[in-house]
Amino acid sequence: MNVAKLPLLPHQKSNSQVDLPYANFHELLKAKTGEAPSREFLIFPETDRRYTYQQFYEISLGASEWLASHVKDFGTICIIFRNTPEFLAVYFGAVARGIIVVPINTELAPAEMRFIIENSDCAAVFYDPELERKIAPLKGEMTIPFHPFADVANLPPVDAKNAEANLPKVEPTAPVVIIYTSGTTGNPKGVVLTHMNFIVDGIAIVNWFQLTPETRSICVLPLFHNNGIVISTTTTLCAGGSIIFVDPKASLRSFWALVDRYGATFTSVMPSILAALLSLPFEGKRGYLKGIICGGQLLPLSLMQNFEARFGVPIFEGFGSTEASSYSSFNRFPAEKRKIGTVGVVLPICDMKVVDDNDNEVPDGTEGELCIRGPNCAIGYHKLPELNAQKFRNRWYHSGDYGLRDKEGNYYFRSRKDDLIIKGGEKIYPAEIENVLSKHTNVTESAVIGVDDPILGHEICAFVNLKDPDANTESELIKYCAQSLARFKQPKQIVIINRLGDMPELPKGPTKKILHRRLRDYYESRLANPQGQEKPKWVRSSTSG
Amino acid sequence: MTQQELYAEVSPIATQILQIPQFESSVNMSSTPEWDSLNHVQLLSAIEKKFGIEISPDEAFKLTSADRLVQYLHGILKGKQ
């Protein structure tokens with residue numbers, strides 16, 4: 001079907017003719033199963049579980065029937081799982097019934113999970129019993145039902161024909177997920193994405209990289225982020241290929257061994273993963289991997305060059321965001337067509353432009369805000385009409401990322417418009433941490449910045465002003481943050497400004513707004529140690545493996 | 001070495017690297033935020049050094065709980081005897 005005939009929002013219309021061969025995720029899975037039922041689809045090395053397309057199709061129908069006994073069709077559920085078959089079974093089972101899935105980051109603190117569960121208006125929470133210790137306090141506090149789901153093997157057997165007949169009609173423009181990302185005000189915001197969003201983006205990426213049923217993706221990013229669910233899962237499914245899922249926390253040391261063992265040809269990572277792999281003494285021996293998609297944070301040119309020189313695998317940098325499903329631009333394929341240092345050219349499904357502060361398009365070579373429109377763009381933010389009006393204004397999604405386009409149509413990413421911290425690919429607004437610090441009885445004001453880290457891109461540094469400068473130590477304040485924030489959001493460094501001789505208070509502008517940029521400059525000039533950046537202590541100097 | 005003895009040997013290393021109070025059989029990567037990807041690499045390297053072994057990258061990704069790690073070590077060290 002032609003996407004233009006669907007009821008699209010203004011910012012979902014592009015100048016391109018976009019075809020949508022599958023109305024929804026279930027149709028996509030069913031079609032690919034019909035093409036090659038016995039082809040291997042999912043591989044989970046940690047538990048030695050493998051599923052063909054036919055096996056997983058039946059599992060998804062079983063999960064769908066099981067979910068129907070807990071949730072109404074077109075309702076909303078939260079799911080808290082690692083990269084397991086259970087995550088995918090609940091996901092595919094739910095979306096086949098039009099149920100909207102809200103994947104929750106397993107690393108979040110209970111209070112952060114609670115906010116998402118409440119804000120999403122979900123009917124129930126499904127979770128991995130391995131996370132029981134973390135979920136237990138929420139179960140005690142909340143009236144919403146929590147359902148542990150341990151093993152897809154426990155799903156009741158299902159008659160595929162009957163199960164198919166019981167599925168409701170799910171339109172392409174129906175929401176499929178709400179993905180929560182960090183918000184400027186301190187609370188995360190839910191990005192509402194549709195079946196159409198993911199499928200058009202997945203097909204565009206298949207075509208861009210010429211993926212085929214022989215493609216074997218290795219997924220080392222968490223499925224609760226859209227990169228895992230769109231690039232690794234949806235894209236490989238659109239190609240009819242196979243996917244190897246690994247726990248992101250356990251994958252670094254085994255990455256090349258898994259590539260060799262399973263013949264992985266394709267993967268998608270953050271620059272921090274490339275930096276970590278480069279620091280380790282392990283190599284791939286069989287040359288299976290043909291390309292790596294990379295984005296989510298700035299990729300230093302030296303990192304890219306060193307990685308490619310050592311491992312011989314080309315990196316394809318792109319530009320994207322959760323609000324545009326995943327990527328909207330990529331460097332050209334194959335590798336010799338790339339323009340290194342750029343995030344490539346716009347995908348054929350969408351449009352991109354660069355605008356000034358008045359939303360006027362600027363000439364090529366001029367810096368401005370990068371904007372996207374097309375069928376890969378989200379409906380908007382869940383229950384945030386004012387933010388929607390601001391970010392999706394004038395028929396374009398305004399990314400908040402600054403960059404430019406050259407005469408050949410290549411885009412360059414330069415910086416964020418705001419103070420967003422990107423640590424190992426995780427996006428964190430300072431307000432999330434400042435809100436927590438402001439509740440400490442001895443903190444009068446605080447400001448949080450991202451500071452350079454050789455592996456993660458950014459680390460978090462908090463500047464605090466204390467009522468009594470001697471009443472708390474830096475480590476006490478870090479522990480205080482740990483009570484309310486996921487580990488990846490906790491400051492690595494706290495600077496008590498009362499103890500600084502040359503900065504009596506936080507720098508502020510005329511409206512008394514804290515100037516984070518001035519703090520970053522101060523950190524760079526006074527506190528950073530650019531010459532003495534030590535290698536991470538876990539790096540081994542020997543080579544083996 | 002019994003599994004109990006192995007726990008006694010591994011616990012001081014793990015509690016120091018992961019910065020957690022105890023390394024007991026209920027500890028797993030999923031519910032221990034401190035057990036992140038970089039600490040996993042560091043933990044396995046420290047264990048290799050302590051026991052004079054090499055943990056195969058083919059197995060390293062499976063060692064995601066205290067129990068799995070100790071059981072794996074038990075098997076490796078038994079094989080070395």
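Me: Leaving aside neighbours within four places in sequence, which residues is Asn39(B) in contact with?
Reply: This is a predicted model. Asn39(B) sits in helix α2 of chain B, residues 37–51. Its relative accessible area is 11%, so Asn39(B) is buried. With neighbours within four places in sequence set aside, the contacts of Asn39(B) are Arg487(A), Ile17(B), Leu18(B) and Glu34(B).

Me: How many residues does the contact take from chain A, and how many from chain B?
Reply: Chain A and chain B bury about 2700 Å² between them. Carbon and sulfur atoms hold 53% of that area. The residues taken are 30 from chain A and 28 from chain B.

Me: How many salt bridges does the rule find across the interface of chain A and chain B?
Reply: One pair that meets in a salt bridge is Glu48(B) with Arg253(A), at 2.4 Å from N to O. Glu46(A) and Arg68(B) form a salt bridge too, with the closest N and O atoms 2.7 Å apart. For the interface of chain A and chain B, the count is five.

Me: How many residue pairs are in polar contact between chain A and chain B?
Reply: Here both residues of a pair must be at pLDDT 80 or more. On that basis, the count between chain A and chain B is 13.

Me: Which element gives the largest share of the side of chain A that touches chain B?
Reply: Two helices of chain A, α5 (132–141) and α9 (255–262), each supply at least two residues of the side that touches chain B. The largest share is three residues. That share comes from α9(A).

Me: How do the residues of the side of chain A that touches chain B divide into nonpolar, polar and charged?
Reply: The side of chain A that touches chain B has three polar residues. The others divide between nonpolar and charged. The nonpolar ones number 13 and the charged ones 14.

Me: Why does the pair Glu46(A) and Arg68(B) join two chains?
Reply: The salt bridge of Glu46(A) with Arg68(B) has its closest N and O atoms 2.7 Å apart. Glu46(A) lies in the loop between β1 (40–44) and β2 (49–52) of chain A, and Arg68(B) lies in helix α4 of chain B, so the pair joins two chains.

Me: Is Glu46(A) buried or exposed?
Reply: The cut-off for buried is under 20% relative accessible area. Glu46(A) has 16% relative accessibility. Its partner Arg68(B), at 30%, is partly exposed. Glu46(A) therefore counts as buried.

Me: Which residues are linked with Glu46(A) in a network of salt bridges?
Reply: Over all chains the rule counts 39 salt bridges. Some link up into a network that includes Glu46(A). The others in that network are Arg82(A), Asp128(A), Glu130(A), Asp247(A) and Arg68(B).

Me: Which residues of helix α15 of chain A are buried, and why are they on the same side?
Reply: The helix spans residues 516–527. Its buried residues cover an arc of only 110° around the axis, which puts them on the same side of α15(A). The face turned away from that side carries the exposed residues Arg517(A) and Ser525(A). The buried ones are His516(A), Leu519(A), Tyr522(A) and Tyr523(A).

Me: What do the buried residues of α15(A) pack against?
Reply: The packing partners are elements of chain A. One is a helix, α13 (430–438). The strands are β23 (443–453), β24 (457–466) and β25 (493–496).

Me: How many residues apart in sequence are the parts that Arg520(A) and Asp419(A) tie together?
Reply: The two side chains meet in a salt bridge, 3.3 Å from N to O. Arg520(A) is partly exposed at 21%, and Asp419(A) is partly exposed at 23%. Arg520(A) lies in helix α15 and Asp419(A) in the loop between β20 (411–416) and β21 (421–423), so the parts tied together are apart in sequence by 101 residues.

Me: Where do Lys508(A) and Glu445(A) lie?
Reply: Their side chains meet in a salt bridge, 3.1 Å from N to O. Lys508(A) is partly exposed at 27%, and Glu445(A) is partly exposed at 22%. The pair ties together parts that are 63 residues apart in sequence. Lys508(A) is in the loop between β25 and α15 of chain A, and Glu445(A) is in strand β23.

Me: How far apart in space are Gln81(B) and Val41(B), C-alpha to C-alpha?
Reply: Gln81(B) is in the segment after α4 (66–80) of chain B. At 72% relative accessibility, Gln81(B) counts as exposed. In sequence, Gln81(B) and Val41(B) are 40 residues apart. In space, the C-alpha to C-alpha distance is 26 Å.

Note on methods: Residues are numbered from 1 along each chain as its sequence is written. Chains are lettered from A and ligands numbered from 1 in the order in which they are written. This is a predicted model: local features need pLDDT of at least 70, side-chain atom pairs count only at pLDDT 80 or more; totals for chains, interfaces and linings use all residues. Side-chain values use heavy atoms; hydrogens and water are left out. Contact means heavy atoms within 4.5 Å. Buried area is the accessible area (1.4 Å probe) that two parts lose on being put together, summed over both. A salt bridge is a side-chain nitrogen of Lys or Arg within 4 Å of a carboxyl oxygen of Asp or Glu. A polar contact is a pair of N or O atoms within 3.5 Å; within protein, one must be able to donate a hydrogen and the other to accept it, and residues adjacent in sequence count only if both atoms are side-chain atoms. Helices (H or I, at least four residues) and strands (E, at least two) are DSSP runs, numbered from the N terminus. Ala, Val, Leu, Ile, Met, Phe, Trp, Tyr, Cys and Pro count as nonpolar, Asp, Glu, Lys and Arg as charged, and the others, Gly among them, as polar. Buried means under 20% relative accessible area, exposed over 50%, partly exposed in between (1.4 Å probe, protein chains only). The arc is that of the directions from the helix axis to the C-beta atoms.
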